[in-house]
Amino acid sequence: MKIVVCIKQVPDTKGGVKFNPDGTLDRGAMLAIMNPDDKAGLEAALRLKDQYGAEVTVLTMGLPKAADVLREAIAMGADKGILVTDRVLGGADTWATSTTIAGALRNIDYDLIITGRQAIDGDTAQVGPQIAEHLGIPVISYAQDIKVEGDKVIVQRQYDDRYHVLEAKMPCLITALSELNEPRYMTPGGIFDACAAEITTWGRADLKDVDDSNLGLAGSPTKIAKASDKVRKGAGEKVVPESTEDAVAYIVGKFKEKHII
């Protein structure tokens, strides 16, 4: 079995975010981590590797420094890493990103593609299903459990307070929830192997069956009107009531003042 896991290097929002003048994220100026949902998808692939001897390839699109998350994935147990990077691909929205990744995936033999449900820097949950649409393969999203039987996958798909059990014949694409599992740590031997591993790097010329009009910022139909860091809130009003009754009366009074009640 051949599995490709699409992962993304995202800003570590604990350290704050920075923006370019055009409203896009200044990724080169921020600390970065592997997207949590993607890491759960990688762990799912590694468990299938442990069970069936699958070959796991990780693929990412981003700046050259995104090779760091590929090496992290290899240190966890992935077999190969592929970085798709090119200046003409910068500023891509979900459409341009999925077009690019699909163009790269057409170079690879795969039975199963796993992506995260969504990335914490966008929260759109669009790229995975869009990749499947570009490639013309089935997609099962919001996976909270994955099993393989022969040439098909059986997935528990999260849905409100219950789940659906869906089957799909491979090749197919699955989007993983961070709740799917607890990702493993890198091992010392894995870290050594990752440092020595050769990362395959592809650019625009390596993408199959894609048009320049659908790539990068110029090929992105979604435009950012305004972007900002999270709003800083003031300390607020602090009140120390003398009794529980006074506290309740104060809160009710504020509700009435704001016409909440």
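**Exercise 1. In this predicted model, determine how the side chains of Glu257 and Lys254 meet, and how exposed each of the two residues is.**

Solution. Begin with the atoms: the side chains of Glu257 and Lys254 meet in a salt bridge, with 3.7 Å from N to O, and this falls inside the limit of within 4 Å that the assignment requires. Next, place the pair in its secondary structure: both residues belong to helix H6, and because they are three residues apart there, about one helical turn separates them. The general background is that an α-helix has 3.6 residues a turn, so residues three or four places apart point the same way. Finally, turn to exposure: Glu257 has a relative accessibility of 48% and therefore counts as partly exposed, while Lys254, at 28%, also counts as partly exposed.

**Exercise 2. Find which residue forms a salt bridge with Arg47, and state whether each partner is buried or exposed, or partly exposed.**

Solution. The partner of Arg47 is Glu43, and the closest N and O atoms of the two are 2.7 Å apart. Both residues lie in helix H1, four residues apart, which is about one turn of the helix. Their exposure is then read residue by residue: Arg47 is partly exposed, with a relative accessible area of 40%, whereas Glu43, with a relative accessible area of 3%, is buried, since buried means under 20%.

**Exercise 3. Describe the salt bridge between Glu167 and Lys152, and say which parts of the chain it links.**

Solution. The side chains of Glu167 and Lys152 meet in a salt bridge with an N to O distance of 3.1 Å. This pair links distant parts of the chain, for Glu167 is in strand E9 and Lys152 is in strand E8 (residues 152-159), 15 residues apart. As for exposure, Lys152 is partly exposed, with a relative accessible area of 26%. For the wider setting, the structure holds 15 salt bridges.

**Exercise 4. Characterise the surroundings of Val153, starting from its position and its accessibility.**

Solution. Val153 is found in strand E8, and its relative accessible area of 0% places it among buried residues. Once neighbours within four places in sequence are left aside, its contacts include Leu112, Ile140, Lys147 and Val148, together with Leu166, Glu167, Ala168, Met170, Cys172 and Ile174. For one of these, Leu166, the separation can be stated: the C-alpha atoms of Val153 and Leu166 are 8.2 Å apart, although their positions lie 13 residues apart along the chain as a sequence offset.

**Exercise 5. Describe the packing of helix H1 against helix H2 by angle, distance and handedness, and name the residues that make the contact.**

Solution. Two packed helices are described by the angle between their axes and the distance between the axes. Here helix H1 (residues 36-52) and helix H2 (residues 67-76) pack at an angle of about 35°, with their axes 11 Å apart, and H1 passes H2 in a right-handed crossing. The contact is made on the H1 side by Lys39, Leu42 and Leu46, and on the H2 side by Glu72, Ala73 and Met76.

**Exercise 6. Establish which residues of H4 are buried, what covers them, and which residue follows the helix.**

Solution. The buried residues of H4 are Gly128, Gln130, Ile131, Ala132 and Leu135. Their cover includes helix H3 (94-105), along with E6, E7 and E10. After the helix comes Gly136, whose phi is positive, near 70°.

**Exercise 7. Locate Ala125, Tyr142 and Pro171, and give the backbone feature of each.**

Solution. Ala125, a residue other than glycine, has a positive phi near 60°, and it is found in the loop between strand E6 (112-116) and helix H4 (127-135). Tyr142 likewise has a positive phi, near 55°, but it is found in strand E7 (residues 139-149), where it is partly exposed with a relative accessible area of 28%. Pro171 is joined to Met170 by a cis peptide bond with omega of about 10°, and it lies in the loop between strand E9 (162-169) and strand E10 (172-176).

Definitions and conventions:
Residues are numbered from 1 along each chain as its sequence is written. This is a predicted model: local features need pLDDT of at least 70, side-chain atom pairs count only at pLDDT 80 or more; totals for chains, interfaces and linings use all residues. Side-chain values use heavy atoms; hydrogens and water are left out. Helices (H or I, at least four residues) and strands (E, at least two) are DSSP runs, numbered from the N terminus. Buried means under 20% relative accessible area, exposed over 50%, partly exposed in between (1.4 Å probe, protein chains only). Axes are lines fitted to C-alpha atoms, for helices over the stretch in contact, and angles run from 0 to 180 degrees between N-to-C directions. A crossing is left-handed if the near helix is turned anticlockwise from the far one by less than a right angle, and right-handed if clockwise. Contact means heavy atoms within 4.5 Å.
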